[in-house]
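This report goes through the two chains, the ligand and a few individual residues in turn. Please keep the sequence and the 3D view open while reading.

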Amino acid sequence: MSIKLFKYITNSCLNSRTVMRFMSTTNNEKLIRVSFNKANGDKITAEGKKGDSLLDVIVNNNLDFDGFGACEGTLTCSTCHIILDQKDYDSLPEKPSDEELDMLDLAYNLTDTSRLGCQIILEDKLDGLEVKVPATVNDARYN
Amino acid sequence: MKSIINLFIFCWKTKQELGFYFWRLALAFFFLFLSSSLLSIFIDILLMNRRTHWPIHCSVSIFLLFVSLNFDFKLKTMRWKYLNRTIRKYSKNVNGFHVGIVGSGPAGFYCAQQLLKTIPGCQVDVFEKLPVPFGLVRYGVAPDHPEVKNVINTFTKTASNDHFRFIGNVTLGRDITLAQLKQSYNAVVLAYGAEEDRKLNIPGEDLSNFVSATKFIGWYNGLPTDKNIEVDLNANHAVIVGQGNVALDVARILLSPVDKLRKTDMTEYSLDTLSKSKVKKVTLVGRRGPLQVAFTIKELREMLKLPEVSTKFYKDQMNDIEKIISDLPRPKKRLIQLMYDASQKTEVRDKYFDILFLRTPISILGTSKVEGIELAVNHLEGDKAVITDEKYSLNCELAFRSIGYRSVQVDPDIIFDKHTSTVPQNPGIYSVGWLSSGPVGVILSTMSHAYQVASMINKHFDEGLLKDQKPGYDYISKLLKTKAGMDGTKLTK
Ligand SMILES: Cc1cc2nc3c(=O)[nH]c(=O)nc-3n(C[C@H](O)[C@H](O)[C@H](O)COP(=O)(O)OP(=O)(O)OC[C@H]3O[C@@H](n4cnc5c(N)ncnc54)[C@H](O)[C@@H]3O)c2cc1C
Ligand code: FES
C-alpha cells in the first residue's frame, strides 16, 4: 500500500498541470487552449501543444470522456466524434478525408460540422477553440 | 476494517483534492525541516559553543518533536473528517455491491468499465467461456484490421482495476447456472453475444465446401474450436451469401495478396492455405437491392482499393440509382454514390469482386461438393424482397453463408425472446451487447448500448432495488472448485 501511495504522489506531481506548464514554458512552447462542451453540460478546458490532435489533448490531460478514442486515433472507430461551430469548421486547414467521412457516417448525432477529434491537429490560431462532445449514447431515454 | 482500508486506497486514487492534501503535507514537513535546521544553526551561533550546551539542543529538538506531533495529530483529525465525508459520499463502497458479468466481449468490458466508474467500489466479476477475454474483438475482427483491436488497450485498463476479476474457462449453462449467479450477485449482466450463425435452411447446405463464414473467420483468427474446419481453396469462383461487413471481411481475405496478410497476426496454417488459393472471383449475393446493403462504406472502400481486384456490379443493377442519390440522407448517400462510381468503372484486372442483388438462394448444387448455387430472382416491394418464378444459377466451387448471427438461450432460466433471439432487461438480470440489441452494429454501437445498460443498473442501485446482501465470488468460487476438472489455478486474472 505504501508503494502505491508513493506511486500516486509521484504521479500526481508529474501530472500536475503546474509542473507541466512549467516544463513546457522552459521548452519555449506555447500552449493552445481547447474547451470541450460535454453533452451533460460540463465544460472542460485543457491545453495542448502545437501538432497535438484533440485526442492527444484528452489523453495527455487524463480527461475522463467515456469511450473516447477507442481505436487510438487510427481512424477506425468514430468514438472521437466532435462537433464544431460552422466558423471553426470552415477555418480548419485540413478538410476531412474520405476515410474520415466514412467513419463519421457511423457516428451518432452526426451533423454537417462534425469531425473526428483524432484528425484535428492543433495549431496556434486554434487557441481558444470550443468543441462539442456529443453523447455516446444514442437513446435519450437512458441519459 | 478491510473495507475501510480499501476505501482509503480508493480515496487516494480517485480524489483530486487528496492530491492537494498530500502536497500540503509534504510542504509542511519541508518547512518544519527547514525551520528546525535554521533554529539549531541560530542557537549554535548564539551560544558559540557546540559541546557545552547540549541540554538546549535537546530541549529544542523535544520542542520540535512536540510541534510535529501536534501537527500530525491535526492531520489525523483532518483525515478522519475526510473519511467521514467519503464514507457518506461513497457508502456504496462499504456495502459490497457485487456484479457478475457473463461474456468478456466489448459489451461485457464496456459495461464493467462504466459500473466501476459510476458505482465506486463495486466488485465486478467477468465469466468467460474461453480461456482468454475480448470476444469478437479477438476472434471476429479481421486480422488486417489491427487498428480496430486497439480497443483492447482500453479493456486492459479496466481489467487492471482492483475491483475487477476475470474468470476464464467458465461457461454459463455448463459450469455455472443463472440461478447460482443470481444467488451470488446483486446484479447479473448477460453479455455472451450472438455466437450461432444463421442457416439458410435450403437443400445442399451440408455439402462439402459450403462453409459458414463464422467458422471461416474463427479459423483464420485462431479460434480453437474452428481450427480444423475443412475449406478447399482450390476453387476459381467463390460465392458468399450475405451482404454485410462479415461477408466483405471474408471476400477481402480471399482476394487480398497473401503477402499483405503475412504482416498481420493471422494464423500460420491459414496463411499457408491462403497462399495456395486459386480463388479468382468472389460474388456477394444479397436478397435485396443496393439501397438495403448492410455493409458500411469504409469496408466497401477498402474492397475498391484492393490491388489487382476489379469490382463489378451485375448488368443493369445500378442503372436507375443515380437519379435518387441526391435525395438520400447522408450515410446512405455517400455509400450509394461510392457504389455508383464503382459501377461506372470498366477497368479489367486479375481478380474480380462482384456484387449481385435481388437473389435468394434456393438450393446449393452438387453431389458431394459444392458445384453451384441456384437462386431465385426477387423484386422489391418497398423494402421487402419478394421471390418471383424466375431462376438464376451460378457455378462455383466454394460457397459461404454469411447471413447473420443469432443468440441462444444458454440456460433455461434466462428469460429469452424467441422471436428476436434476444434477452430483454429485467431488474437484477440485465443483458448487453449483441445478446440484447441483436447481432447488428459495430463496436461503437455495442459500447453505447453497454453504457445505457450500465446507467440503468446504476439507477436501480440508487433506487435500492439491488440492495440484498450477496456473497459475490466467494460462493461461486466454491462451486467451481467442487466441479470436476475445475480448480483455482485455472482462474486467471
Ligand atoms: C466477423 C466480425 C467482424 C467484426 N468486425 C468489426 C470491426 O471491424 N469493427 C467493429 O467496430 N465491429 C466489428 N464487429 C462487431 C463487433 O465485434 C461487435 O459489435 C461486438 O463484438 C459485440 O460485442 P458483444 O460483447 O455483445 O459480443 P462478443 O464479442 O461476441 O462477446 C461475447 C463473449 O461471451 C463469451 N460467451 C459466449 N457464450 C458464453 C457462455 N455460455 N458463458 C460464458 N461466456 C460466453 C464469448 O466467448 C465471447 O467472449 C465484427 C463482428 C464480427 C462477427
Ligand atoms: S480515435 Fe478512433 S477514429 Fe478517432
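## Basis and terms

Helices and strands are DSSP runs, a helix having at least four residues and a strand at least two, and they are numbered from the N terminus. With those names, Gly73(A) is placed in the loop between α3 and β3 of chain A. The model is predicted.

## Chain A

Chain A contains five helices and five strands. Read from the N terminus, their order is α-α-β-β-α-β-α-α-β-β. The chain has 143 residues, of which 43% are buried.

Among the contacts in chain A with a separation of 6 or more, 61% join residues 24 or more positions apart. The exposed surface of chain A is about 7,700 Å², and carbon and sulfur atoms account for 50% of that area.

## The loop between α3 and β3 of chain A

Two residues of this loop can be described together. Gly73(A) lies between α3 and β3, and so does Leu75(A), where the flanking elements span residues 54-60 (α3) and 81-83 (β3). Is Gly73(A) buried or partly exposed? Its relative accessibility is 29%, so Gly73(A) counts as partly exposed. Leu75(A) has a relative accessibility of 19% and therefore counts as buried, the cut-off for buried being under 20%.

Setting aside residues up to four places away in sequence, Gly73(A) touches Leu55(A), Cys118(A) and Gln119(A). Ala39(A) is 34 residues from Gly73(A) along the chain, and the C-alpha atoms of the two are separated by 21 Å. The backbone of Leu75(A) has a phi near 60 degrees, which is a positive value in a residue other than glycine.

## Chain B

Chain B has 18 helices and 16 strands. Of its 493 residues, 49% are buried. Residues 24 or more positions apart supply 75% of the chain B contacts that have a separation of 6 or more. Chain B exposes about 24,800 Å², with 57% of this coming from carbon and sulfur atoms.

A positive phi in a residue other than glycine also occurs at Asn169(B), with a value near 65 degrees. Asn169(B) sits in the loop that runs between β3 (164-167) and α8 (178-184) of chain B. Its relative accessibility is 24%, so Asn169(B) counts as partly exposed.

## Cysteines

How many disulfides does the structure hold over all chains? The number is zero. Cys111(B) is in no disulfide, and the nearest cysteine sulfur, that of Cys122(B), is 9.5 Å away. A disulfide would need the two sulfur atoms within 2.5 Å. Cys111(B) is buried, with a relative accessible area of 0%. In the other chain, Cys80(A) is buried too, at a relative accessible area of 2%.

## Val151(B)

Val151(B) belongs to helix α7 of chain B, which covers residues 151-159. Its relative accessibility is 2%, so Val151(B) counts as buried. Apart from neighbours within four places in sequence, Val151(B) is in contact with Tyr110(B), Val137(B) and Ile443(B) in chain B and with Ala70(A) in chain A. Lys117(B) is 34 residues away from Val151(B) along the chain, with 18 Å between their C-alpha atoms.

## The surroundings of ligand 1

Which residues come nearest to ligand 1? Out of the 33 residues around ligand 1, they are Glu128(B), Leu172(B), Trp434(B), Ile443(B) and Thr446(B). Ile443(B) is also one of the contacts of Val151(B). By class, the shell around the ligand consists of 18 nonpolar, eleven polar and four charged residues. The helices α5 (106-118), α6 (135-139), α10 (245-255) and α17 (443-462) of chain B each contribute at least two residues to this shell.

Backbone N or O atoms approach the ligand at several positions. A backbone N or O atom of Lys129(B) is 3.2 Å from a nitrogen atom of ligand 1. For oxygen atoms of ligand 1, the corresponding distance is 3.4 Å from Pro106(B) and 3.5 Å from Val442(B). Taken alone, ligand 1 exposes 1,000 Å², of which the protein buries 95%.

Methods:
Residues are numbered from 1 along each chain as its sequence is written. Chains are lettered from A and ligands numbered from 1 in the order in which they are written. This is a predicted model: local features need pLDDT of at least 70, side-chain atom pairs count only at pLDDT 80 or more; totals for chains, interfaces and linings use all residues. Side-chain values use heavy atoms; hydrogens and water are left out. Buried means under 20% relative accessible area, exposed over 50%, partly exposed in between (1.4 Å probe, protein chains only). Contact means heavy atoms within 4.5 Å. Accessible areas come from the Shrake-Rupley method with a 1.4 Å probe; for residues, only the protein chains shown count as cover. A residue is near a molecule or strand if one of its heavy atoms lies within 4 Å of it. A polar contact is a pair of N or O atoms within 3.5 Å; within protein, one must be able to donate a hydrogen and the other to accept it, and residues adjacent in sequence count only if both atoms are side-chain atoms. Ala, Val, Leu, Ile, Met, Phe, Trp, Tyr, Cys and Pro count as nonpolar, Asp, Glu, Lys and Arg as charged, and the others, Gly among them, as polar.
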